[in-house]
Every structure is written in C-alpha cells, then in structure tokens.
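Q: Please take a close look at the surroundings of the ligand in this structure. Follow the elements that supply them into the rest of the fold.

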Amino acid sequence: MHDVINKHDKIALQFSGGKDSLALLYLMREHWPKLTVYWTDTGDAFPETRELVDKVEAMVPNLVRVNGNQPEVIRVYGIPSDIVPAANTPIGIASRGYGVLMQDRYSCCMRSLMFPMQERMMADGITLVIRGQKNSDKLRSPIKSGHVEDGIEYLFPLEDWDDSDVFNYLTEEEVEHPRFYDHMSASPDCMTCSAYWEDGRGAYLKQFHPEAYQEYQSRLNAISDATQDAIAHFNVEIGE
Ligand code: SF4
C-alpha cells in the first residue's frame, strides 16, 4: 500500500460519511498530509453527515466538498425508485400524456453523486483514488484494487474486510460509528431518497427527521400508485 501511495502526488480519499470510508480515513491517518478527502454533498445530505464532515474537515489537512445536484437531477430525470414501470419513463409519459417521472436508483446516484465527484477529481488531476470498497459488499464497483483506468489508479485497502472487521476497527480506534447503523443497514446519501428500500430508512426518518419522512412517504405513495397497474398485469402473466 505504501509503495502505491508513494508513486502518486495527487491522491483522493473518497469519503461518504458511512462506516467504511470512516474506517478507511483512520486507517490512512499517516498519509493524511499527502491526500485530499473528497465528499459529495448531494444537496439533500443528512445533517448528521454534514456534522461528521465538519469534524473530518477540522482533522485532515485537505478536504474538498463536491457539489452534487440531487434536487436538480430529480427535477429533470424523476424520483428514484427500485421499480420503474415503463409508463413512468420519459417515453411512457410522453405517449400517455401524464404520469410521475421516475428513474432507477443507480442512474440517480451516478448523476447526483458519482459523476460530479469524478469530474472534480479529473479537474484536480487526481491519479490515485482510495476507496473503502470491500469484496463482501453487495453493491460495489466491478473493479478491483490496483485497477487503472483513464490515468487513475484505484486502491481499496479494505477489500478483504467485512462489516464486522469495520465495526471492530472503529471500536479499537475509539471512533464513534454513524448513528444510522443503529437503525439501518446502510448510511444513506440523501434524506428524501425514495429508493434503496432494503436499507430501512422509513423508521429512521420517522424518528429523527419527521419533515423528510413526510416527503419520503409522499414519494413512496406516488411510486405505489404508479406501479400498481404494472404489478397487476405481471401477476396475471406469471405462471400462465
Ligand atoms: S441516494 Fe437516492 S436520491 Fe440520492 S442520489 Fe442516490 S438514488 Fe438519488
């Protein structure tokens, strides 16, 4: 790892505010002077994540806040959903003349978070990206540590860790883990995200962020209404 880091002058550590990037941050402590922490503010970040980023900013020599654009992305491409009926895509809406515009969650994240981060790192001349990606993650990029693309090398020091390794490491380092993990299975990037249903965001929002909960529920209601026809047709077809 040291050899890889020593080869580069422009290094980004991608920070999300979740447990993995927090553990990564502490694991990389001796290299802080050489690297820049990058965090994308989606424009709909949780206040507890902003607080954590403020703390990190006070600790590390270099931190860049990238402006994400989730509200604008949702305005243009629709609310994110884990199920997107054909009728709620741009063509479906254009042909019927009505409907709630929706996009799949990965497209929303790419547009709101990942592209702005990538563009900023490219503009800054970054040649090494350090990320807290683990092989045990259900959702991860298909690349491995050591991958090089478009002049950027990727380093994943937690690649062989699992979730319990991460929590154990944070405990050993006496670093408080984000509160999300006491209630949810992941650390969410956006307060009003209407996708990633498996994370269990509803109960957390209801308890700690009632206003965002209302918006969340109103988006889920729109998804529920929009998917009913497609699911009813599917249920007739399956098993025929
Ligand atoms: S977390 Fe949800 S709302 Fe935020 S960018 Fe990703 S899909 Fe969109």
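A: In this predicted model, the ligand is surrounded by Thr-42, Gln-70, Pro-80, Arg-105, Cys-108, Cys-109, Ser-112, Leu-113, Asp-189, Cys-190, Cys-193 and Ala-195. By class, seven residues of this shell are nonpolar, three are polar and two are charged. Helix H6, residues 105-123, supplies the largest share of the shell, with five residues.

H6 leads from the ligand to the sheet. The helix packs on an open sheet of six strands, whose order is E3-E2-E1-E6-E8-E7 and whose pairing is mixed. Strand E3 (63-67) and strand E7 (148-149) are the edge strands; each has a single partner strand, so one side of each has no neighbour in the sheet. H6 touches E1, E2, E3 and strand E6 (128-130). The direction of H6 makes about 145 degrees with that of E2. Within the sheet, strand E1 (residues 11-14) and strand E2 (residues 35-41) run parallel and are joined by four bridges. Leu-13 stands opposite Val-37 in E2. In general, strands of a sheet pair through backbone hydrogen bonds, in either a parallel or an antiparallel manner.

Two helix pairs complete the account. Helix H2 (residues 19-27) and helix H7 (residues 163-172) have axes that come within 10 Å and cross at roughly 50 degrees. At that angle, H2 is oblique to H7. The crossing of H2 past H7 is left-handed. On the H2 side, the contact is made by Lys-19, Asp-20, Leu-22 and Ala-23, and on the H7 side by Val-166, Phe-167, Tyr-169 and Leu-170. This contact of H2 with H7 has six nonpolar residues and two charged ones, with no polar residue.

The other pair is helix H8 (residues 201-208) and helix H9 (residues 210-237), which pack with their axes 6 Å apart and at an angle of about 140 degrees. H8 and H9 are therefore oblique to each other. H8 contributes Arg-201, Gly-202, Leu-205 and Lys-206 to the contact, while H9 contributes Pro-210, Ala-212, Tyr-213 and Tyr-216. The contact of H8 with H9 divides into five nonpolar residues, one polar and two charged.

To return to the ligand, H6 is the element that gives the largest share of its shell, and H6 also packs on the sheet.

Terms used:
Residues are numbered from 1 along each chain as its sequence is written. This is a predicted model: local features need pLDDT of at least 70, side-chain atom pairs count only at pLDDT 80 or more; totals for chains, interfaces and linings use all residues. A residue is near a molecule or strand if its C-beta atom, placed from the backbone, lies within 6 Å of it. Ala, Val, Leu, Ile, Met, Phe, Trp, Tyr, Cys and Pro count as nonpolar, Asp, Glu, Lys and Arg as charged, and the others, Gly among them, as polar. Axes are lines fitted to C-alpha atoms, for helices over the stretch in contact, and angles run from 0 to 180 degrees between N-to-C directions. Angles under 35 degrees count as roughly parallel, over 145 as roughly antiparallel, 65 to 115 as roughly perpendicular and the rest as oblique. A crossing is left-handed if the near helix is turned anticlockwise from the far one by less than a right angle, and right-handed if clockwise. Two residues are in contact if their C-beta atoms, placed from the backbone, lie within 7 Å. Two strands pair if DSSP finds at least two bridges between them.
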